[in-house]
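Biologist: Got a minute to go through this one with me? I'd like to start with a single residue and work outwards.

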Amino acid sequence: MSSVLERRREYLRLMRQFTLDKGFFTVTDIQNATHIPRSTAQDWVNRLLGEGCVLMREEKRGRSAAHYVAISAMPSSAC
């Protein structure tokens, strides 16, 4: 179980970093950075999406991949 939590922490950290650097990330970004199969990267994104740690910024359109953002990397409003 602890290895799953470690991987979750690693993938979430990576997603935060992509969000800070580019403003979004794709499943392919995670796949290439971690050298895991695309289906595994998609599973992690979907899991974190369901947990509310990640939001879909832009849906997939044609050949353009869906864009996601990590919640913790988004600036909070001043209100």
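Biologist: Which element does His 67 lie in?
Modeller: His 67 is part of strand 2. Bear in mind that this is a predicted model.

Biologist: Is His 67 buried or exposed?
Modeller: Buried: its relative accessibility is 14%, and the cut-off for buried is under 20%.

Biologist: What is His 67 in contact with, leaving aside neighbours within four places in sequence?
Modeller: There are two stretches. One is Phe 24, Phe 25 and Thr 26; the other is Leu 55, Met 56, Arg 57 and Glu 58.

Biologist: And Phe 25, what does that one contact, with the neighbours within four places left out?
Modeller: Quite a list. Phe 25 is in contact with Met 15, Phe 18 and Thr 19, then Ile 30, Val 45 and Val 54, and also the run Ala 66, His 67, Tyr 68, Val 69 and Ala 70.

Biologist: Let's talk about the core. How many residues are in the largest nonpolar core?
Modeller: It has 18 residues. Phe 25 is among those with the most contacts inside it, along with Met 15, Ile 30, Val 45, Leu 48, Val 54 and Tyr 68. Helix 1 (2–22), helix 2 (27–34), helix 3 (38–51) and strand 2 (67–70) each give two or more residues to this core.

Biologist: Which of them gives the largest share?
Modeller: Helix 1, with 5 residues. As background, nonpolar side chains tend to be buried together in soluble globular proteins.

Biologist: Which residues of helix 1 are buried?
Modeller: Tyr 11, Leu 12, Leu 14, Met 15, Phe 18 and Thr 19. They are on the same side of helix 1, because they cover an arc of only 160 degrees around the axis.

Biologist: What covers them?
Modeller: The cover for the buried residues of helix 1 includes helix 2, helix 3, strand 1 (54–58) and strand 2. The face turned away from that buried side carries the exposed residues Ser 2, Arg 9, Leu 20 and Asp 21.

Biologist: How far apart are the end C-alpha atoms of helix 1?
Modeller: They're 30 Å apart, which agrees with the 30 Å that its 21 residues should span at 1.5 Å a residue. After helix 1 comes Gly 23, with a positive phi near 95 degrees.

Biologist: Back to Phe 18 for a second. What does Phe 18 touch, not counting residues up to four places away?
Modeller: Gly 23, Phe 24, Phe 25, Asp 29, Ile 30 and Ala 33. Phe 18 is buried, at a relative accessible area of 18%. Its C-alpha atom is 8.5 Å from that of Ala 70, although the two are 52 residues apart along the chain.

Biologist: On to helix 2. Which of its residues are buried?
Modeller: Val 27, Asp 29, Ile 30 and Thr 34. Those sit on the same side of helix 2, since their arc around the axis is only 160 degrees. What covers them includes helix 1, helix 3 and strand 2. Just after helix 2, His 35 has a positive phi of about 60 degrees.

Biologist: Changing topic, what sits over the ring of Trp 44?
Modeller: The charged end of Arg 47, 4.4 Å from the ring centre. A search of the whole structure also turns up 2 aromatic pairs.

Biologist: Last one: what pattern does the protein follow along the sequence?
Modeller: α-α-α-β-β, from 3 helices and 2 strands. Of the 79 residues in the protein, 33% are buried.

Terms used. Residues are numbered from 1 along each chain as its sequence is written. This is a predicted model: local features need pLDDT of at least 70, side-chain atom pairs count only at pLDDT 80 or more; totals for chains, interfaces and linings use all residues. Side-chain values use heavy atoms; hydrogens and water are left out. A nonpolar core is a set of buried Ala, Val, Leu, Ile, Met, Phe, Trp, Tyr and Cys residues joined through side-chain atoms within 4.5 Å. Buried means under 20% relative accessible area, exposed over 50%, partly exposed in between (1.4 Å probe, protein chains only). Helices (H or I, at least four residues) and strands (E, at least two) are DSSP runs, numbered from the N terminus. Contact means heavy atoms within 4.5 Å. The expected span of a helix is 1.5 Å times one less than its number of residues. The arc is that of the directions from the helix axis to the C-beta atoms. Rings of Phe, Tyr and Trp (its six-membered ring) pair if their centres lie within 6.5 Å; planes under 30 degrees apart count as stacked, over 60 as edge-to-face and the rest as tilted. A charge sits over a ring if NZ of Lys or CZ of Arg is within 6 Å of the ring centre and within 35 degrees of the ring normal.
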